[in-house]
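Reader: I should be grateful for a close look at a single strand and the strands that pair with it. Please define the terms as you go.

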Amino acid sequence: FDDYLEYFMEENISDFKVRTLNIFHSQEAIVGIQCVYVTDDEEIEAPARIAHNNNIKQSFIEFAPKEYITEIFGELDQKENLAALTIVTSMNKRINVGNPGVRKFRVNVPASGYVLAGVGGSFRNRGIDSLYFYYI
């Protein structure tokens, strides 16, 4: 899944920013993601990308204007799915979802000031197995 490739390729990428990031998680893994995008005059809710909908919970983080991500880290399960995910912002907001896994990971984020513009990734084995972020 990739919202930019599906929805925004013909638009100016700098016009879109993520206002809200919804994360769907089960007892076993992070199973889905959804972005709510904002432009100067419009809010666009992209489809929720969910591997399955058995006993899932939803958590979210909402970004203020000019708020940016300072840390992304988590853990993978034995099947290489995201088991846990933590995102920290420049305004000290933190979303921490999922359960402990077997292998930790940390994502390099861009220098300060780059705001989240989009999310993409893929599913495997009933969970998200890759996740990437666009920044502007």
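Author: In strand β3 (residues 43-45), Ile-44 stands opposite Tyr-37 of β2. The model is predicted, so local features need pLDDT of at least 70, side-chain atom pairs count only at pLDDT 80 or more, and totals for chains, interfaces and linings use all residues. Residues are numbered from 1 along each chain as its sequence is written, and side-chain values use heavy atoms, with hydrogens and water left out.

Strands are DSSP runs of E with at least two residues, numbered from the N terminus. Two strands pair if DSSP finds at least two bridges between them. By this rule β2 and β3 pair in the antiparallel sense over 3 bridges, and they form a hairpin with 4 residues between them.

Strand β1 (residues 17-25) also runs antiparallel to β2, joined to it by 8 bridges. Here His-25 stands opposite Ile-30 of β2. β1 and β2 likewise form a hairpin, with 4 residues between them.

A further antiparallel partner of β2 is strand β4 (residues 49-50), with 2 bridges. Within this pairing, Gly-32 has Ile-50 of β4 as its bridge partner.

There remains the matter of burial. A residue is buried under 20% relative accessible area, exposed over 50%, and partly exposed in between, using a 1.4 Å probe and protein chains only. In strand β2 (residues 30-38), 9 of the 9 residues are buried, so β2 is largely enclosed by the rest of the structure.
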